Amino acid sequence: MKMPASSQRQTALALVDSFNRMDVPAIIDARTPGCLRHLYPSAMAQAPQDTASYAKSLTSLHAIFQNFSLTIDELIEDTANNRICMWLSARADTAAGEYINEYVWLLDFDESGKKIVRTKEYSDAVMARDFFPKLRTAMKEEQRSRKGLNGAHTNGR
């Protein structure tokens, strides 16, 4: 007989579903108010994000990443320590083309298993190093193009 999923597993699966819908309020609601997001590897030199800065970051990414999806490749649960580790594959469409990345998320939960109290997120630093400069360039070109089109419409009146 299959055991029902633990609260923390249900929360982790709901979090992935919220990312797949890019439902920022639901993503933030899965966290405690004091939850910190730690980004790794350390060479990326990213300061931990509190809930407010994480929400702002997610909101800006929502406009950049279209058709964002996460797939759980592996999930390991440590119920005794209120912890889940997930290996995830990500994909999205952007102005610079297809975004493909891998993440490992280490999620620590409160005693109920319903709220995340800390995240440690590892991402492919080489991919980030190579992709994000291309994305910034593509977004600047897109903005220039839009300004040019808007100017053409205004001048033609």
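How do the residues of the lining of the largest pocket divide into nonpolar, polar and charged, and how many fall into each group? In this predicted model, the lining comprises 16 nonpolar, five polar and two charged residues.

**The largest pocket**

The space in the largest pocket amounts to about 550 Å³. Its lining consists of 23 residues, and those closest to the centre are Arg-37, Leu-61, Tyr-99, Tyr-103 and Phe-132. Several elements contribute to this lining: strand S1 (31–40), helix H3 (51–64), strand S2, strand S4 (97–109), strand S5 (116–123) and helix H4 (125–155) each supply at least two residues.

**Overall architecture**

The protein contains four helices and five strands, which follow one another along the sequence in the pattern α-α-β-α-β-β-β-β-α. Its C-alpha trace spans about 70 × 35 × 30 Å along the principal axes. Of the 157 residues in the protein, 32% are buried. Among the contacts with a separation of 6 or more, 55% join residues that are 24 or more positions apart.

**The sheet and the helices across it**

The five strands form an open sheet in the order S1-S5-S4-S3-S2, with mixed pairing. S1 and S2 stand at the edges, and because each has a single partner strand, one side of each is left without a neighbour in the sheet. On average, neighbouring strands of this sheet are turned by 20° against each other, direction ignored.

Two of the helices can be described by the strands they lie across. H1 lies across S2, S3, S4 and S5 and runs at about 165° to S2. H3 lies across S1, S2, S3 and S5, with an angle of about 65° to S1.

**The S2–S3 hairpin**

Strand S2 (residues 66–78) pairs with strand S3 (residues 83–94) in the antiparallel sense, over ten bridges. Within this pairing, Ser-69 stands opposite Arg-91 in S3, and Thr-71 stands opposite Ser-89 in S3. The two strands form a hairpin with four residues between them, and Asn-82 in the turn has a positive phi of about 55°.

**Backbone features**

Positive phi values also occur at Met-22 and at Asn-67. The table lists these two residues together with Asn-82.

| Residue | Phi | Location |
|---|---|---|
| Met-22 | near 50° | loop between helix H1 (7–20) and helix H2 (24–29) |
| Asn-67 | about 55° | strand S2 |
| Asn-82 | about 55° | turn of the S2–S3 hairpin |

Are Met-22 and Asn-67 buried or exposed? Met-22 has a relative accessible area of 12% and is therefore buried, the cut-off for that class being under 20%. Asn-67 has a relative accessible area of 56% and is therefore exposed, as the class requires a value over 50%. Neither Met-22 nor Asn-67 is a glycine.

A further backbone feature is found in the loop between S1 and H3, where Pro-41 is located. The peptide bond from Tyr-40 to Pro-41 is cis, with omega near 10°. Tyr-40 falls within the residue range of S1, 31–40.

Definitions and conventions:
Residues are numbered from 1 along each chain as its sequence is written. This is a predicted model: local features need pLDDT of at least 70, side-chain atom pairs count only at pLDDT 80 or more; totals for chains, interfaces and linings use all residues. Side-chain values use heavy atoms; hydrogens and water are left out. Two strands pair if DSSP finds at least two bridges between them. On a 1 Å grid over the protein atoms alone, a cavity is a set of points where a 1.4 Å probe fits but cannot get out, and a pocket is an open set with protein on both sides within 12 Å along at least five of seven lines; lining residues have an atom within 4 Å of a point. Grid points are joined across faces, edges and corners, and a volume is the space filled by probe spheres set on the points. Ala, Val, Leu, Ile, Met, Phe, Trp, Tyr, Cys and Pro count as nonpolar, Asp, Glu, Lys and Arg as charged, and the others, Gly among them, as polar. Buried means under 20% relative accessible area, exposed over 50%, partly exposed in between (1.4 Å probe, protein chains only). Axes are lines fitted to C-alpha atoms, for helices over the stretch in contact, and angles run from 0 to 180 degrees between N-to-C directions. Contact means heavy atoms within 4.5 Å.
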